[in-house]
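This report introduces a single protein chain to a reader who has not met it before. It considers the cysteines, the sheet, the nonpolar cores, the aromatic residues and two loop positions in turn.

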Amino acid sequence: MRDVVGKVAVVTGGGQGIGRALAERFGAEGMKVVVADVVPALVEATTSELADNGLDVIGVVTDVTSLESVEALRDATLERYGAVHLVCNNAGIGSGSEGQLWEHHVNDWRWSLDVNVMGVVNGIHAFVPTLLAQGEEGHVVNTTSSNGGFTPLINSAVYATTKAAVTTITECLWGQLREIGAKVSASLLFPSTFSPGMLNTGIWRPGANRPKQYDRPGAPPQEGRDALGAYLQRMEDAGLAVQFAPLSEVADICFEGIINDTFWITVPNDRQQQKLRDRAASQIDRSPPEYLLEANMMTSKPIDAKN
């Protein structure tokens, strides 16, 4: 997809955070953009603001856990623009699970798997047949995370599991598309930036917008739990400064990855590359995965489990 002007991009989870940054970048490149999100107010506000900035954009309220809803998103896209060329399965949530893995409520697992994994599966089922039938160049980008997509943080088993699944699904999708000689390709987006710093996205509000069917005793409130505030406090207590990187840089590397047909869309860093080497060595040598046992400030209990 080197020629994107006039092409149509669909972005789930597009109402805020990385999804919104993707929509803005695609629109700035001359693409027509469909913003999909489960929160109606975000869909309305984001599409209005992007349209005011001169972008050709529509919004569609979409629940990615429902194949019928994602199919309705596809149909609305085709009705408005007549085609679709780029699909970003970007919607994702933090479940707000608490305690050890064996203490996590099953509804935390169900909700996360339905959004983070089945949301991608539904996007593939709804859109890839259309992308192939068009006979034009197309691309599918699935948002994963280094947490699970590369190596997991052991204190976030639910989230890491879903992102590991997204990684495997996308690897298989890429391989099958290549196997049939399709003009459609696939990529994994690992949100990362060239600028140092954290990414301030909706994932810092675990539990937000949890539907009733996934409720559990003690679940975070509808606005989500403030995980960012807790993280910032831990950093302050440790005397460590926090800075945030612009989400636009995530959109930049995503766009360049699409243009260059890059499968692993990421900004590499030495620490993660070493952990990948350590993981591969552990698998080859059949040694314990001790690379997982490290202190980290992302958990409320930062420990060094090796000591």
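A disulfide is a pair of cysteine sulfur atoms within 2.5 Å. The model examined here is a predicted one, and by this rule it holds 0 disulfides.

**Cysteines**

Two cysteines illustrate the result. The sulfur of C172 has its closest cysteine sulfur in C88, at 20 Å, which is too far for a bond. The sulfur of C88, in turn, has its closest cysteine sulfur in C254, and the 4.9 Å between them is also too far for a bond. The surroundings of the two residues are summarised by their accessibility: C88 is buried, at a relative accessible area of 1%, whereas C172 is partly exposed, at 44%.

The table below collects these values together with those of two loop residues discussed later.

| Residue | Relative accessible area | Class |
|---|---|---|
| C88 | 1% | buried |
| C172 | 44% | partly exposed |
| T193 | 13% | buried |
| P220 | 12% | buried |

**The sheet**

Seven strands make up an open sheet in the order β3-β2-β1-β4-β5-β6-β7, and their pairing is parallel. The edges are taken by β3 and β7; each has a single partner strand, so one side of each is left without a neighbour in the sheet.

Within this arrangement, β1 is joined to β4 (residues 86-89) by 3 bridges, and the two strands run parallel. At this junction V10 stands opposite V87 in β4.

Strand β6 has a partner on either side in the strand order. Its pairing with β5 (residues 138-143) is parallel and extends over 6 bridges, with N142 placed opposite L188 of β6. Its pairing with β7 (residues 264-265) is also parallel and consists of 2 bridges. Here L188 has W264 as its bridge partner in β7.

How many of the residues of β6 are buried? The strand is mostly covered, with 6 of its 6 residues buried. Its side chains are divided between two directions: V184, A186 and L188 point one way, while S185, S187 and L189 point the other way.

**Nonpolar cores**

In soluble globular proteins, nonpolar side chains tend to be buried together. The largest nonpolar core of this model has 33 residues, among which V34, L73 and F127 touch the most other members. Several elements supply at least two residues each: β1 (8-12), β2 (32-37), β3 (57-61), α3 (67-81), α4 (106-134), α6 and β6. Helix α4 gives the largest share, 8 residues.

The contacts of V34 show how parts of the chain meet at one position. Leaving aside residues up to four places away in sequence, V34 touches V8, A9, V10, V11, I58, V60, L73, T77 and Y81. A second core of 31 residues is separate from the first, and includes V250, C254, I258 and V267.

**Aromatic residues**

The model contains 6 aromatic pairs. One of them is formed by F150 and F190, which are stacked at 4.1 Å centre to centre with 5° between the planes. This pair links distant parts of the chain, since F150 lies in the loop between α5 (146-149) and α6 (157-179) and F190 in the loop between β6 and α7, 40 residues apart. Both rings belong to buried residues. F150 and F190 are also members of one aromatic cluster together with W174, F263 and W264.

**Two positions in the loop after β6**

T193 lies in the loop between β6 (184-189) and α7 (227-237). A polar atom of the T193 side chain is 2.7 Å from the backbone oxygen of S195. Apart from residues up to four places away in sequence, T193 touches L199, A245, P246, E249, V250 and V267. Of these contacts, V250 and V267 are included in the second core.

P220 is found in the loop between β6 and α7. With residues up to four places away in sequence again left out, P220 touches G96, P206, G207, R210 and R225. P220 and I18 are 202 residues apart in sequence, and their C-alpha atoms are 23 Å apart in space.

Terms used. Residues are numbered from 1 along each chain as its sequence is written. This is a predicted model: local features need pLDDT of at least 70, side-chain atom pairs count only at pLDDT 80 or more; totals for chains, interfaces and linings use all residues. Side-chain values use heavy atoms; hydrogens and water are left out. Buried means under 20% relative accessible area, exposed over 50%, partly exposed in between (1.4 Å probe, protein chains only). Helices (H or I, at least four residues) and strands (E, at least two) are DSSP runs, numbered from the N terminus. A polar contact is a pair of N or O atoms within 3.5 Å; within protein, one must be able to donate a hydrogen and the other to accept it, and residues adjacent in sequence count only if both atoms are side-chain atoms. Contact means heavy atoms within 4.5 Å. Rings of Phe, Tyr and Trp (its six-membered ring) pair if their centres lie within 6.5 Å; planes under 30 degrees apart count as stacked, over 60 as edge-to-face and the rest as tilted. A nonpolar core is a set of buried Ala, Val, Leu, Ile, Met, Phe, Trp, Tyr and Cys residues joined through side-chain atoms within 4.5 Å. Two strands pair if DSSP finds at least two bridges between them.
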